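Colleague: Before I rely on the labels attached to this model, I should like to hear the reasoning behind them. May we take them in turn?

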Amino acid sequence: MKSVMETYKRTDLAPVRGHGSWLLDERGERYLDFVAGIATNSLGHGHPALVEAIKDQAEKLVHCSNLYEVPLQAEVADMLTSSTDFDRVFFCNSGAEAVEAAIKLARKHAQESGGPEKHEILTFTKSFHGRTYGGLTATAQTAYHQGFGPMLPGFAYAPFGDLEAAKEMVGPQTAAVLVEPIQGEAGVIVPDDGFLPGVRELCDRSGALLIADEVQTGIGRTGAWFACNHYGVAPDVLCIAKGLGGGLPIGACLARPSVAAAFVPGDHASTFGGGPVQCAAALAVLDVIEDDGLVARARHVGELIMQELGGRRSVVEVRGRGLLIAVQLRSDDARAVAEAALAAGVLVNDVTSDSIRICPPLVLTDEEARRGVEVVVSCIEEVCT
Ligand SMILES: *Cc1c(COP(=O)(O)O)cnc(C)c1O
């Protein structure tokens, strides 16, 4: 891939087909997929309902400008809002864009209610919110900022999980607090149960919006439709993307009615946002997750995987909820473990230098879960002696 810019550290594997939780390379070798396009292929590969929906819509109409009505967009929005506290949706094509929309919406809303000084966005250490300048500035990890300065003004950072520190930093200047309920790219960091409710309270007290970045955790991944549900917290704005399209690029920013009203025609846009094919895919994904009980399935298989991983000598800690799991290693050998697992026919991702992420399709069977864990554990034992 010499003529492609070198922005990724790629693994030496070229999958060309997929079926369920399995990928095949050009030689026909099979791999059990515990990565799922980084929590994206929620229905696995080649799911008939998803394939049918995409084919069918592609034959009818691939693209329609947002200058016109897009009925499928309304259908997805209705499905997303019918079971939540949100009642308006902005559609885009990725997680970073969902975060970008949320930041713009929060600032416009705050300036209308609190004046121009109320513009600060508070985020947390080790967070990940995407690679656009808004998302990048919100990402409180200096490694991601290196060489790209200056970042945007008006952001502040508090230590993740530390409610006392956040208390000091949320004030009248705060337009919004942007948080991942469970941090994904940091290595699946699950905060104490009191953290998110505490942040909600700080926001209420200072008139700041709570924006939940559920780009990775949303759409059933953690064994609840949204990770916020685990904590009984209702955010004002919700960002989703990865799992929503089952592999097609679609992101969304959801907001409560009073907040959504801050956007008026012309304020924000996306040429491809909420296109008919992506929306048809999202509808299929939401339908299948609902009809096949995949949220409960994610919870069940996730618990099974965590159980199977627990108590192994080579595993320091297992973190996560549902099918978003990280295995903490004794040493900085995550890359070597992922390579050994690949050679043994299981795809996992070295989310940090010393931890492995497991985020399989939500359709993973118990049998596949056990088989994959066995391979991963034996690779850890082999590599981390
Ligand atoms: C992946 C991710 C993003 C960025 O999504 P892209 O689609 O890559 O732009 C933002 N926030 C979180 C929490 C993510 O996991």
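Colleague: In which helix do aspartate 56 and lysine 60 lie, and how many residues apart are they?

Modeller: The model is a predicted one. Both residues belong to helix α2 (residues 48-60), where they are four residues apart, about one turn of the helix.

Colleague: What makes the contact of aspartate 56 and lysine 60 a salt bridge?

Modeller: The N to O distance between their side chains is 3.4 Å. A lysine nitrogen within 4 Å of an aspartate carboxyl oxygen meets the definition, so the pair qualifies.

Colleague: Why is lysine 60 called exposed, and why is aspartate 56 called partly exposed?

Modeller: Exposed requires over 50% relative accessible area, and buried requires under 20%. Lysine 60 has 60%, so it is exposed. Aspartate 56 has 35%, which lies between the two limits, and is therefore partly exposed.

Colleague: Which residue forms a salt bridge with glutamate 112, and what separates the two in helix α4?

Modeller: The partner is lysine 108, with the closest N and O atoms 3.4 Å apart. Because glutamate 112 and lysine 108 are four residues apart in helix α4 (residues 95-114), about one helical turn lies between them. Glutamate 112, at 53%, counts as exposed, whereas lysine 108, at 27%, is partly exposed.

Colleague: Is arginine 319 buried or exposed?

Modeller: Its relative accessibility is 13%, and it therefore counts as buried. Arginine 319 forms a salt bridge with glutamate 317, the closest N and O atoms being 2.9 Å apart. Glutamate 317 is partly exposed at 37%.

Colleague: Why is strand β8 described as largely enclosed by the rest of the structure?

Modeller: Five of the five residues of β8 (residues 209-213) are buried, so the description follows. Leu209, Ile211 and Asp213 cover one side and Leu210 and Ala212 the other, all of them buried.

Colleague: Which strands pair with β8?

Modeller: Strand β7 (residues 174-179) runs parallel to β8 and is joined to it by four bridges. Between these two strands the chain passes through helix α8 (residues 195-206), in a right-handed β-α-β crossover. Strand β9 (residues 237-240) also pairs with β8 in the parallel sense, over three bridges. Alanine 212 stands opposite leucine 238 in β9, and valine 179 stands opposite alanine 212.

Colleague: How do you know that alanine 334 is buried?

Modeller: Its relative accessibility is 0%, so alanine 334 counts as buried. The residue is found in helix α12 (residues 334-343), and its contacts include Leu329, Asp350 and Ile356.

How values were computed: Residues are numbered from 1 along each chain as its sequence is written. This is a predicted model: local features need pLDDT of at least 70, side-chain atom pairs count only at pLDDT 80 or more; totals for chains, interfaces and linings use all residues. Side-chain values use heavy atoms; hydrogens and water are left out. Buried means under 20% relative accessible area, exposed over 50%, partly exposed in between (1.4 Å probe, protein chains only). Two strands pair if DSSP finds at least two bridges between them. A crossover is right-handed if, with the strands pointing away from the viewer, the path from the first strand over the helix to the second runs clockwise. Contact means heavy atoms within 4.5 Å. Lists of a residue's contacts leave out its neighbours within four places in sequence.
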